[in-house]
Amino acid sequence: MPRRAPEAARGFVRYISTRGEAPPLGFMDVTLAGLARDGGLYVPETWPTLDPAAIAGFAGRPYAEVLADVVAPFAVGSLATSELARMAREAYETFRHPAVVPLVQVAPNTFVLELFHGPTLAFKDLAMQVLSRLMDHALAARGERSTIVVATSGDTGGAAVEAFRGSAQADLFVLYPQGRISDVQRRMMTTAGADNVHALAIAGTFDDCQAIVKGLFNDHPFRDAVRLSGVNSINFARLVAQVVYYFAAAAALGAPHRKVAFTVPTGNFGDVFSGYVAARMGLPIDKLLVATNVNDILARTLATGTYQVRDVVPTTSPSMDIQVSSNFERLLFEAFDRDPRPVRAAMASLAKSQSFSVTARSLGAMRALFSADRAAEEEVAATIRTVRREAGYLLDPHTAVAMAVAEKEPRDPSIPMVVLSTAHPAKFPDAVEAACGIRPALPDWLADLGGRLETSTMLPADLAAVATYIRTHSRAASAGAGAAA
Ligand SMILES: Cc1ncc(COP(=O)(O)O)c(C=O)c1O
Ligand SMILES: N[C@@H](CCOP(=O)(O)O)C(=O)O
């Protein structure tokens with residue numbers, strides 16, 4: 001059978017690598033590829049835009065329809081809009097709230113955007129439920145299998161397990177940092193009871209897990225042999241699906257006729273980069289406020305222009321206990337006017353000396369839209385208590401990091417501030433109870449989670465050990481495979 005020409009060679013919307021040394025690909029190829037072959041991250045060659053009337057029209061529309069309209073321009077030529085619309089409809093049928101992403105007002109002109117009504121109670125479901133459908137569709141159409149790896153600090157892993165368990169096309173390997181996530185998060189990964197899901201407890205941090213995943217992608221013979229794909233936010237399809245809720249929330253609050261600001265609890269910089277994409281597409285965003293816990297590399301970088309890795313400190317918002325923040329590379333590429341050479345230099349410096357600096361001009365470009373601050377552990381707990389007392393609303397610790405930062409930051413009171421609520425408080429019951437004395441219960445459909453049988457494999461934080469495990473257990477590897485994208 002003749003080999004398929006890559007989509008990009010067939011005149012589709014092209015995606016380019018932030019490091020400039022990988023072949024351009026089309027949307028579905030990028031979705032299956034994960035990391036670019038030069039170690040960089042894919043972004044579209046140009047940002048599509050939506051006109052103000054289209055944005056205004058999102059208010060009150062079903063969320064799945066908004067997704068189809070926002071994502072379609074990124075997939076022109078690669079995927080029929082009717083297929084995308086079907087996938088979106090099916091994806092959001094798994095959600096437990098009719099609005100999918102409801103907005104709740106907690107103070108004058110301050111809103112919480114609840115992104116946790118999906119099957120694993122975190123914002124990751126919003127993109128993962130679409131991504132699994134996109135990948136299954138592409139793999140089935142091509143008659144291919146795939147080995148999916150994912151590094152998680154707690155939430156991406158559970159969302160991936162839920163989205164891919166039972167997939168006929170894919171085997172999923174989830175790397176989580178042993179002992180550094182909540183019990184609920186761990187159980188969501190270890191109780192799938194599906195042959196195609198492998199939960200790997202890594203003796204290390206999330207940064208170790210993510211470095212191993214990138215190492216697997218950068219080992220081209222391995223990558224090709226197992227047909228490697230990734231569902232972390234290195235995958236552009238994850239990010240584009242997350243752009244949708246910025247549009248939905250802003251339109252509900254009067255955009256495009258009114259500016260809206262967002263505070264985003266941040267770790268791997270994927271969620272907030274999706275906000276940047278929304279701005280590039282024409283959404284009038286006043287400000288994107290990056291909120292970190294004490295693992296504040298992003299806040300320090302935006303303050304000083306120097307990205308300097310330190311040891312990670314365990315916190316009550318474990319999903320944000322991250323130092324090497326993958327998607328910052330995409331922002332660097334933008335801030336360097338899309339010149340891949342300084343991106344390569346920065347990434348080489350990061351690999352060699354754990355740090356790099358950006359020019360004053362690039363820092364200025366970042367600060368035009370982004371600002372940043374951190375919340376210490378006592379501020380997080382105090383915010384959970386205060387918001388509960390004053391607004392009768394229970395925040396999870398990640399959302400509380402964002403709320404604490406939003407409250408500290410000087411702001412124009414006439415501009416609505418939307419705080420992204422990335423997880424349900426019941427995923428972190430110990431931290432919430434310690435902060436305010438209330439122990440949030442899991443919803444009914446997860447009430448038996450604590451009693452389900454757990455299966456996981458402990459491995460050292462070692463690239464070769466993980467690669468060997470995957471080679472042995474991946475059905476894509478044992479079926480034999482040709483070159484991947
Ligand atoms: C609950 C929660 N909040 C916030 C974040 C940070 O999001 P991002 O990594 O996209 O910056 C994560 C992890 O990604 C998370 O799981
Ligand atoms: N906080 C994340 C870390 C991985 O982020 P991703 O957005 O790149 O998948 C998690 O919960 O796993």
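**Exercise 1. Find the helix that gives the largest share of the shell around ligand 1, then describe that shell.**

Step 1. Start with the helices: H11, residues 270-280, supplies three residues, the largest share of the shell around ligand 1. Keep in mind as you look that this is a predicted model.

Step 2. Now take in the whole shell. Ligand 1 is surrounded by 18 residues, and the closest are Asp155, Asn268, Gly270, Ser319 and Thr422.

Step 3. Sort the shell by class. Ten of its residues are polar, six are nonpolar and two are charged.

**Exercise 2. Describe the shell around ligand 2 by its residues, helix and classes.**

Step 1. Count the surroundings: 13 residues lie around ligand 2, with Thr152, Asp155, Thr156, Asn232 and Ser233 the closest.

Step 2. Look for the main contributor. Helix H6, residues 155-164, provides three residues, the largest share of this shell.

Step 3. Check the classes. The shell around ligand 2 has twelve polar residues and one charged residue, but no nonpolar ones.

Step 4. Put the two lists side by side. Asp155 is among the closest residues to ligand 1, and Asp155 is also among the closest to ligand 2.

**Exercise 3. Locate Lys124 and decide whether it is buried or exposed.**

Step 1. Begin with the record. An unreviewed UniProt entry lists Lys124 under "modified residue: N6-(pyridoxal phosphate)lysine".

Step 2. Place the residue: Lys124 belongs to helix H5, which covers residues 124-142.

Step 3. Apply the cut-off for burial, which is 20 or more other C-beta atoms within 10 Å. Lys124 has 33 such atoms within 10 Å, so it is buried.

Step 4. Find its partners. Beyond the neighbours within four places in sequence, Lys124 is in contact with Asp155, Thr156 and Ala159.

**Exercise 4. Work out which of Arg227 and Asp337 is buried and which is exposed.**

Step 1. Look at the backbone. Arg227 has a phi near 50°, which is positive although the residue is not glycine. Asp337, also not a glycine, has a positive phi near 55°.

Step 2. Place each one. Arg227 sits in the loop between helix H9 (220-226) and strand S8 (228-230), while Asp337 is in the loop between helix H13 (328-335) and helix H14 (340-353).

Step 3. Count the surrounding atoms. Arg227 has 26 other C-beta atoms within 10 Å and is therefore buried. Asp337 has 10 and is therefore exposed.

**Exercise 5. Find where the cis peptide bond between Ala255 and Pro256 lies.**

Step 1. Check omega: the bond from Ala255 to Pro256 is cis, with a value near 10°.

Step 2. Place the proline. Pro256 lies in the loop that runs between helix H10 (236-252) and strand S9 (260-265).

**Exercise 6. Judge whether the chain agrees with a compact globule, and how confident the prediction is.**

Step 1. Compare the radii. A compact globule of 485 residues would have a radius of gyration near 23 Å, and the chain has 21 Å, so the two agree.

Step 2. Add the makeup of the chain. It has 20 helices and 15 strands, and 57% of its residues count as buried.

Step 3. Read the confidence. The mean pLDDT of the chain is 95, with 96% of residues at 70 or more. Over residues 481-485, however, the pLDDT is below 50. Predicted coordinates should not be read in detail where pLDDT is low.

Terms used. Residues are numbered from 1 along each chain as its sequence is written. Chains are lettered from A and ligands numbered from 1 in the order in which they are written. This is a predicted model: local features need pLDDT of at least 70, side-chain atom pairs count only at pLDDT 80 or more; totals for chains, interfaces and linings use all residues. UniProt positions are given in the numbering used here, feature names are shortened, and annotations may be inferred rather than shown by experiment. Helices (H or I, at least four residues) and strands (E, at least two) are DSSP runs, numbered from the N terminus. A residue is buried if 20 or more other C-beta atoms lie within 10 Å of its own, exposed if 12 or fewer, and partly exposed in between; C-beta atoms are placed from the backbone. Two residues are in contact if their C-beta atoms, placed from the backbone, lie within 7 Å. A residue is near a molecule or strand if its C-beta atom, placed from the backbone, lies within 6 Å of it. Ala, Val, Leu, Ile, Met, Phe, Trp, Tyr, Cys and Pro count as nonpolar, Asp, Glu, Lys and Arg as charged, and the others, Gly among them, as polar. The radius of gyration is taken over C-alpha atoms; the globule rule is 2.2 Å times the number of residues to the power 0.38. pLDDT is the predictor's confidence in each residue, from 0 to 100.
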